[in-house]
Structures are given as structure tokens and as C-alpha cells.
Amino acid sequence: MTIEVIGKGPPQRYTALCTDSSCRAELAFTQDDIKYNSTYSMGQECGSYKGIVCPLCNQVLKKKHFKKVNS
């Protein structure tokens, strides 16, 4: 059996509310924006996460903060 790719569906859409209490921006994005990244403290890698970064305040938002948008 050979698997044939005949096309790709649209990317899943998500929304999230920034968790920073002074920002609280509402964000809309697709699964293409979700990345696996590292966090640093004093020049040393101190952890990693899969998620996005708020463009207004640089708060890290992890997948647990996302809500799927049904299209």
C-alpha cells in the first residue's frame, strides 16, 4: 500500500488571552505560529516550552492557555 498526499487542510486556528496581568491582550493565531522554544536566565538555558510569545509584552503562553476556534 502506498500513501498518497492529495492536499493539506487549513491550519487549526486558536485564541488565547495573555496571562500577564498588565497586558491581557487577546491573541488569534494558527498552529503554524506555535513553536518549540527555550527559555534563558543569566545567559543559561533554564527550560523549554511549546507555545507562543505575546507580541506586546513577551509573556510566554503555553499550549494549556490556547482555545481551539471551530471553523
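The exercises below, each with a worked solution, concern the strands, loops and selected residues of a predicted model.

**Exercise 1. Work out the order of the strands in the sheet that contains E1, and find which strands lie at its edges.**

Begin with the pairings of E1, which is joined to E2 by five bridges, the two strands running antiparallel. Next, take the other partner, for E1 is also joined to E6, by three bridges and again in the antiparallel sense. The resulting open sheet of three strands has the order E2-E1-E6, with antiparallel pairing. Its edge strands are E2 and E6, each of which pairs on one side only. Neighbouring strands of this sheet are turned by 30° against each other on average, if direction is ignored. As a check at the level of a residue, look at tyrosine 14, whose bridge partner in E2 is phenylalanine 29, while in E6 lysine 68 stands opposite tyrosine 14. In general, the strands of a sheet pair through backbone hydrogen bonds, in either a parallel or an antiparallel manner.

**Exercise 2. Sort the side chains of E2 by the face to which they point, and state which are buried.**

Follow the strand and note that its side chains alternate between two faces. On one face are Leu27 and Phe29, which are buried. Glu26, Ala28 and Thr30 point to the other face and are not buried.

**Exercise 3. Describe the sheet that contains E4, and then locate lysine 64 with respect to glycine 51.**

First, the sheet is open and consists of three strands in the order E3-E4-E5, paired in the antiparallel sense. Strand E3 (35-41) and E5 are the edge strands, since each pairs on one side only. From one strand to the next, the twist averages 50°. Second, consider E4, which covers residues 44-53 and pairs with E5 over three bridges; here glycine 51 stands opposite lysine 62 in E5. Third, turn to lysine 64, which belongs to the loop between strand E5 (60-62) and strand E6 (67-69). Although lysine 64 and glycine 51 are 13 residues apart in sequence, their C-alpha atoms are 8.9 Å apart in space. Finally, lysine 64 has a relative accessible area of 70%, so this residue is exposed, the cut-off being over 50%.

**Exercise 4. Examine the surroundings of aspartate 20, and decide whether a salt bridge accompanies its burial.**

Start with the position of aspartate 20, which is in the loop between strand E1 (13-17) and strand E2 (26-30). The residue is buried, and the nearest side chain of opposite charge, that of arginine 24, is 8.0 Å away. A salt bridge requires a distance within 4 Å, and therefore aspartate 20 has none. What the side chain of aspartate 20 does have is a polar contact of 2.7 Å with the side chain of serine 22. Leaving aside residues up to four places away in sequence, aspartate 20 touches Cys57 and Gln59.

**Exercise 5. Compare the backbone angle phi of methionine 42 and asparagine 58 with the general expectation, and state where each residue is found.**

Recall that most residues other than glycine have a negative phi. Methionine 42 is not a glycine, yet its phi is positive, at about 55°. This residue is placed in the loop between E3 and E4, and methionine 42 is exposed, with a relative accessible area of 83%. Asparagine 58, likewise not a glycine, has a positive phi of about 65°. The loop between E4 and E5 holds asparagine 58, which is exposed, with a relative accessible area of 60%.

Definitions and conventions:
Residues numbered from 1 in each chain as written. Predicted model: local features only at pLDDT ≥ 70, side-chain atom pairs only at ≥ 80, totals over all residues. Heavy atoms only, no water. Helix = DSSP H or I, 4+ residues; strand = E, 2+ residues; numbered from the N terminus. Buried < 20%, exposed > 50% of the residue type's maximum accessible area, 1.4 Å probe, protein only. Lys, Arg positive; Asp, Glu negative; His and termini not counted. Polar contact = N/O pair within 3.5 Å; in protein donor to acceptor, adjacent residues only side chain to side chain. Contact = heavy atoms within 4.5 Å. Pairing = 2+ DSSP bridges. Axes fitted to C-alpha atoms, helices over the stretch in contact; angles between N-to-C directions.
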